[in-house]
Every structure is written in structure tokens, then in C-alpha cells.
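Colleague: Could you take me through this fold and explain the terms you use as we go?

Modeller: Gladly, have a look at it first.

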Amino acid sequence: MSRFNPYENNGGTCVAVAGADYCVVAADTRLSVGYSILSRDHSKIAQLADKCVLASSGFQGDIKALQKNLAAKELVYEHNNNKKMSCPAMAQLLSNTLDYKRFFPYYTFNVLGGLDSHGKGCVFTYDAVGSYERTGYSAQGTGAALMMPVLDNQLKTPSPLLLPARDAVTPLSESDAVDLVKDVFASATERDIYTGDRLEIVVINSSGTHRESIELRKD
């Protein structure tokens, strides 16, 4: 007799890369359960503020609830302070929101990317209960284990434990970072059945945000 399970992993992979004056956030659009594909065009990326984008993998019910919660809190912040929330502030809010639900967690694996108050790219990576770290790049989801070795090889940033602190942004230009993200997704879709169909890429820089997409494997 099977027991009720409130969680389900709907697969997919998210990646973010921060540069000196930009941030690239990308995710595939496949939504699946087991060996069944429920949708080939489901976006995993949500824009939470002008220069702040969240990409999430995991259980889609919890992802939608989390995005709705954050959007409501960001709106309250905007009305109270007469300004949009910065990306580091949104990172702390997301950590607090996940930690508040730690005894019945949101089954979501998140990457938050954007620009900080100095216009520098920033990436924040999370576990399911709100522990987070600012890094130069990160991957979450079912294909993360396939992508991180490639990202480590190409973009390895200094340890946050080094003193004095080193800059965590990656040395690549914006176009090179986008090309790298496309390459790691094309590679991961060959090995991960939960990643594929289409790649959605959001680039955040001083001029705003723009989106592009490319086709991935559909089998």
C-alpha cells in the first residue's frame, strides 16, 4: 500500500553566471513526472524586481507558491519604501522565506541572479531550507551534477574563506557567458532525461533585461 507523498520532483535545471556588469540566468522548459513529459514549454524563471531574476527547479506547486509569496512581499516593500527591492535584499528575503517553512519545506531548488547596488553581477544559490551563498556561478536541478564540473573548470572562483576577500564574479564577457551556458545545457540534455526541449536565457545588465531562447533535444 503506497503512502501519500506531498512532494514530487518535476525535474529541470537552472544555471546562473555573474559577470562584472551583467548576470545570465537560464533554465530549460521541460516539465515532467517520471518518464512522462507534462509540458515542453513551461518557464522556470520569474522576474521578481527590475534587476533580480529567480530560477527554480523541483516541485512546481511549491515553486508557484514561493514565487507568489515573494512577489507579494516585494510589492509591500515597494509601497513602504518607495523603491524596488535590490537583488541582495531579495536574496535575504528568499532565505528567510525558505527558513520559515523549514519544518515542511518548499521543495524547490533556487538560483537568484541579478545586479547589486553597485551594478555588479551577483548570483545566490540555495538549498531547500534557506541556507545560501553568494557565488560567481551556480547550477540547481536534475542536471546540476553534470553542469557544475564544466562550470568549475571554466569559471572557478576563489574560496569565500580566503582573506582578504576576493571578487567572485567571472572573468568572461557577457556574450561568452551566454555561449558557455548554451554549451553546458546542450551537453546536459544528452545525459539527463528531465532536461530538454527549450532553453530560456535572461540577461540582466545596466540597460535592463532581455530574453532569448534556443531549442534543445526533445527526446
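**Helices, cores and single residues**

Modeller: Let's start where two helices meet: Leu-146, Met-147, Val-150, Leu-151, Gln-154 and Leu-155 in H3 are in contact with Leu-180, Val-184, Phe-185 and Ala-188 in H4. By class, that contact has 9 nonpolar, 1 polar and no charged residues. Please keep in mind that this is a predicted model.

Colleague: Why are H3 and H4 called roughly antiparallel to each other?

Modeller: Helix H3 (residues 144-155) and helix H4 (residues 174-188) pack at an angle of about 150 degrees. Angles over 145 degrees count as roughly antiparallel, and H3 and H4 therefore earn that description. Their axes are 9 Å apart, and the crossing is right-handed.

Colleague: Which residues have the most contacts inside the largest nonpolar core?

Modeller: Those are Val-15, Val-24, Leu-151 and Phe-185, in a core of 22 residues. Elements giving two or more residues to this core include strand E1 (13-18), strand E2 (22-28), H3 and H4. H4 gives the most, with 7 residues.

Colleague: What is Val-24 in contact with, leaving aside its neighbours within four places in sequence?

Modeller: Its partners are Val-15, Ala-16, Val-17, Ala-177, Val-178, Val-181, Ile-201, Val-202 and Val-203. There is also a second, separate core of 18 residues, which includes Leu-48, Leu-94, Leu-98 and Cys-122.

Colleague: What makes Ser-32 count as buried?

Modeller: The cut-off for buried is under 20% relative accessible area. Ser-32 has 2% relative accessibility, so it counts as buried. Ser-32 lies in strand E3 (residues 31-33). Not counting residues up to four places away in sequence, Ser-32 touches Asn-9, Asn-10, Gly-11, Ile-37, Leu-38 and Tyr-194.

Colleague: And why does Pro-88 count as partly exposed?

Modeller: Buried needs a value under 20% and exposed one over 50%, with partly exposed in between. Pro-88 comes out at 29% relative accessibility, so partly exposed is the right label. Pro-88 is in helix H2 (residues 87-100). Leaving aside its neighbours within four places in sequence, Pro-88 is in contact with Asp-116 and Phe-124.

Colleague: How far is Pro-88 from Gly-130, in sequence and in space?

Modeller: Pro-88 and Gly-130 are 42 residues apart in sequence, and 14 Å apart in space from C-alpha to C-alpha.

Conventions. Residues numbered from 1 in each chain as written. Predicted model: local features only at pLDDT ≥ 70, side-chain atom pairs only at ≥ 80, totals over all residues. Heavy atoms only, no water. Axes fitted to C-alpha atoms, helices over the stretch in contact; angles between N-to-C directions. Helix = DSSP H or I, 4+ residues; strand = E, 2+ residues; numbered from the N terminus. Parallel < 35°, antiparallel > 145°, perpendicular 65-115°, else oblique. Left-handed = near helix turned anticlockwise from the far one by under 90°. Contact = heavy atoms within 4.5 Å. Nonpolar A, V, L, I, M, F, W, Y, C, P; charged D, E, K, R; others polar. Core = buried A, V, L, I, M, F, W, Y, C linked by side-chain atoms within 4.5 Å. Buried < 20%, exposed > 50% of the residue type's maximum accessible area, 1.4 Å probe, protein only.
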